[in-house]
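Me: Could you walk me through this protein with a few questions and answers? I am new to reading structures.

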Amino acid sequence: MISSIKAIDIQNYFNKISTDTPIESMKKYKNCLNGIFKMAVDNDYCAKNPCENIKLVSAVTEDQKQTYTPREAYLVIRYARTHKDGLGIMLMLEYGLRKGELLGLKIEDIDFENQILHIERSVSDVKNKNSGKIEVKIKPPKNRQSNREIPLKKLQLNV
């Protein structure tokens, strides 16, 4: 029964998985449990939410994000200028676009007069649960902050 689950049980669970689970995953698990117990409290299945004071600690170190050195960025741009898909590579490097955001661009997303690039959608591959086939989905960007306007600077496109 859900009312028999105590805060110590949940804390012990998170302590047990802390050796091999990243903190971001643990936060998602806790949020899910928290939602379940909030509903249980709201529906009188238990008196108190046992997730409220759970402490999360993880022994897994997050991978550091790597960026190009100025030399590496120069080499990527030099390569991009000589290839047919180079403009996309340059946009991703210069403006920090994700692959899905780049693929979601339409010509009307570029305000040539004010030199602004509007990021309003993203393209991703999603597996259809029924057929198992991969389908292309167009959806809003990853999060609210990803829906943005980027001031454009002149790209050096001469090959």
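Reply: Here are some questions and answers on the cores, the helix pairs and a few single residues. This is a predicted model, where local features need pLDDT of at least 70 and side-chain atom pairs count only at pLDDT 80 or more, while totals for chains, interfaces and linings use all residues. Residues are numbered from 1 along each chain as its sequence is written, and side-chain values use heavy atoms, with hydrogens and water left out.

Me: Which elements give two or more residues to the largest nonpolar core?

Reply: A nonpolar core is a set of buried Ala, Val, Leu, Ile, Met, Phe, Trp, Tyr and Cys residues joined through side-chain atoms within 4.5 Å. Buried means under 20% relative accessible area, exposed over 50%, and partly exposed in between (1.4 Å probe, protein chains only). The largest such core here has nine residues, namely Ile10, Phe14, Ile17, Met26, Phe37, Ala40, Cys46, Cys51 and Ile54. Helices (H or I, at least four residues) and strands (E, at least two) are DSSP runs numbered from the N terminus, and the elements giving two or more residues to this core are α1 (7-17) and α2 (23-42).

Me: Which residues does Ile54 touch, not counting those up to four places away in sequence?

Reply: Ile54 is one of the residues of the largest nonpolar core. Contact means heavy atoms within 4.5 Å. With residues up to four places away in sequence not counted, Ile54 touches Ala7, Ile10, Gln11, Phe14 and Lys30.

Me: How are α1 and α2 oriented, roughly parallel or roughly antiparallel?

Reply: Axes are lines fitted to C-alpha atoms, for helices over the stretch in contact, and angles run from 0 to 180 degrees between N-to-C directions. The axes of α1 and α2 come within 12 Å and cross at roughly 165°. Angles under 35 degrees count as roughly parallel, over 145 as roughly antiparallel, 65 to 115 as roughly perpendicular and the rest as oblique. That makes α1, relative to α2, roughly antiparallel.

Me: And what about α3 and α4, roughly parallel or roughly antiparallel?

Reply: Helix α3 (residues 70-80) and helix α4 (residues 86-95) have axes that come within 8 Å and cross at roughly 155°. In their contact, Ala73, Val76, Ile77, Tyr79 and Ala80 of α3 meet Gly86, Ile89, Met90, Leu93 and Glu94 of α4. The crossing angle makes α3, relative to α4, roughly antiparallel.

Me: Is Ser122 buried or exposed?

Reply: You can find Ser122 in strand β3 (residues 122-127). Leaving aside neighbours within four places in sequence, Ser122 is in contact with Gly100, Glu101, Lys137, Ile138, Lys139, Pro140 and Pro141. At 12% relative accessibility, Ser122 counts as buried.

Me: How far apart are the C-alpha atoms of Ile5 and Cys51?

Reply: Ile5 lies in the segment before α1 and, at 35% relative accessibility, counts as partly exposed. Along the chain, Ile5 and Cys51 are 46 residues apart. In space, their C-alpha atoms are separated by 9.9 Å.

Me: What is the phi of Asp44?

Reply: Most residues other than glycine have a negative phi. Asp44 lies in the loop between α2 and α3 and, at 69% relative accessibility, counts as exposed. Although Asp44 is not a glycine, its phi is positive, at about 60°.
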